[in-house]
Every structure is written in C-alpha cells, then in structure tokens.
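Open the model in your viewer and keep the selection tool at hand. The tour goes stop by stop.

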Amino acid sequence: MSTQTKQIGKYKVEVIRDKCISAASCVAIAPKVFALDEAEIAIIVSQDGHDDETKLLAAQSCPTMAVIVTNTETGERVWPPQGED
Ligand code: SF4
C-alpha cells in the first residue's frame with residue numbers, strides 16, 4: 001500500500017448522500033474529514049484529516065448510517081454492520 005502515502009490510516013470513509021439528513025454530527029467529531037456542502041449534505045474533504053478511530057466514531061455518530069467505513073487493506077466494510085443498511 002505504498003502508493004497511498006498521504007493516507008494516515010487504513011480506513012476510507014464515504015457518504016451516502018441520499019441518506020444524509022444534515023445532522024452534522026460527523027462534522028462535529030471529525031471536522032477535518034467531513035463538511036457540509038451548500039446543500040447541507042455531508043462531503044468528504046480529506047481522508048487523512050483524522051485517524052481511523054476518529055473517522056469510525058464520526059461514522060458511528062451518524063443517525064442514518066449514511067457514512068460507510070471501508071478498511072482499504074482488507075477491503076472489508078467496517079461500518080455500518082453488514083445487513084443494516
Ligand atoms: S452525521 Fe450523517 S446525517 Fe449527519 S451530516 Fe454526517 S452523514 Fe449527514
């Protein structure tokens with residue numbers, strides 16, 4: 001994985017925009033990773049603004065499970081739990 005030199009962790013976060021209800025708890029927990037765009041929908045501003053633990057906490061804070069966390073080393077989905085989206 002030496003090509004992803006900028007990434008400080010192994011977790012990648014994504015926002016399912018259709019699920020986002022603008023609660024902004026992800027932004028509150030990880031403001032260097034998440035932001036709200038002009039439509040008040042969360043966007044990813046950087047994958048390496050916070051460490052993996054903080055990114056996962058931010059994802060888990062989302063009331064609609066709109067944030068998906070993937071382990072880029074194993075390809076496994078870390079959050080949300082399988083079968084709950
Ligand atoms: S916590 Fe979830 S619903 Fe709230 S802004 Fe972030 S992605 Fe959207």
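**Stop 1: the ligand shell**

Select the ligand and the residues around it. That shell holds eleven nonpolar residues, four polar ones and no charged ones. In total, 15 residues surround the ligand. Label the closest: Cys 20, Ala 23, Cys 26, Ala 42 and Cys 62. Bear in mind that this is a predicted model.

**Stop 2: the whole chain**

Zoom out and colour by secondary structure. You should find two helices and five strands. Trace them from the start of the sequence: the pattern reads β-α-β-β-α-β-β. Now colour by burial. Of the protein's 85 residues, 20% count as buried. Contacts come next. Take those between residues at least 6 apart in sequence: 56% of them join residues at least 24 apart.

**Stop 3: the sheet**

Select β1, β4 and β5. These three strands form an open sheet in the order β1-β4-β5, with antiparallel pairing. At the edges lie β1 and β5 (77-79), each pairing on one side only. Look at the twist: neighbouring strands of the sheet are turned by 35° against each other on average, direction ignored.

Now show the bridges. How many join β1 to β4? Five do, and β4 covers residues 67-71. Pick out two of the pairs. Val 13 stands opposite Val 69 in β4. Lys 12 has Thr 70 of β4 as its bridge partner.

Cross to the other side of β4. Two bridges join β4 to β5, again in an antiparallel run. Here Val 69 stands opposite Trp 79 in β5. So Val 69 can be selected together with Val 13 and Trp 79. 

Follow the chain from β4 into β5. This hairpin has five residues between the strands. Stop at Gly 75 in the hairpin, where phi is positive, near 80°.

**Stop 4: the nonpolar core**

Hide the ligand and select the largest nonpolar core. It has 15 residues. Cys 26, Phe 34, Ala 58, Ala 59 and Val 67 touch the most other members. Which elements give two or more residues to this core? They are β1 (11-15) and α2 (52-61). The largest share, three residues, comes from α2. Cys 26 deserves a second look: it belongs to this core and is also among the residues closest to the ligand.

**Stop 5: Phe 34**

Centre on Phe 34. Leave aside its neighbours within four places in sequence. Phe 34 is then in contact with Cys 26, Val 27, Ala 42, Ile 44, Val 45 and Ala 58. Two of these partners, Cys 26 and Ala 42, are also listed among the residues closest to the ligand.

**Stop 6: Ala 59**

Finish in helix α2, at Ala 59. Is this residue buried or exposed? Ala 59 is buried, because 26 other C-beta atoms lie within 10 Å, and 20 are enough to count as buried.

Show its contacts, again skipping residues up to four places away in sequence. Ala 59 touches Val 13, Cys 26, Val 67, Val 69 and Trp 79. Val 13 and Val 69 are the pair seen earlier facing each other across β1 and β4. Last, draw a distance from Ala 59 to Ser 25. They are 34 residues apart in sequence, yet 8.8 Å apart in space, C-alpha to C-alpha.

Terms used: Residues numbered from 1 in each chain as written. Predicted model: local features only at pLDDT ≥ 70, side-chain atom pairs only at ≥ 80, totals over all residues. Near = placed C-beta within 6 Å. Nonpolar A, V, L, I, M, F, W, Y, C, P; charged D, E, K, R; others polar. Core = buried A, V, L, I, M, F, W, Y, C linked by C-beta atoms within 7 Å. Buried ≥ 20, exposed ≤ 12 C-beta atoms within 10 Å, placed from the backbone. Helix = DSSP H or I, 4+ residues; strand = E, 2+ residues; numbered from the N terminus. Contact = placed C-beta atoms within 7 Å. Pairing = 2+ DSSP bridges. Axes fitted to C-alpha atoms, helices over the stretch in contact; angles between N-to-C directions.
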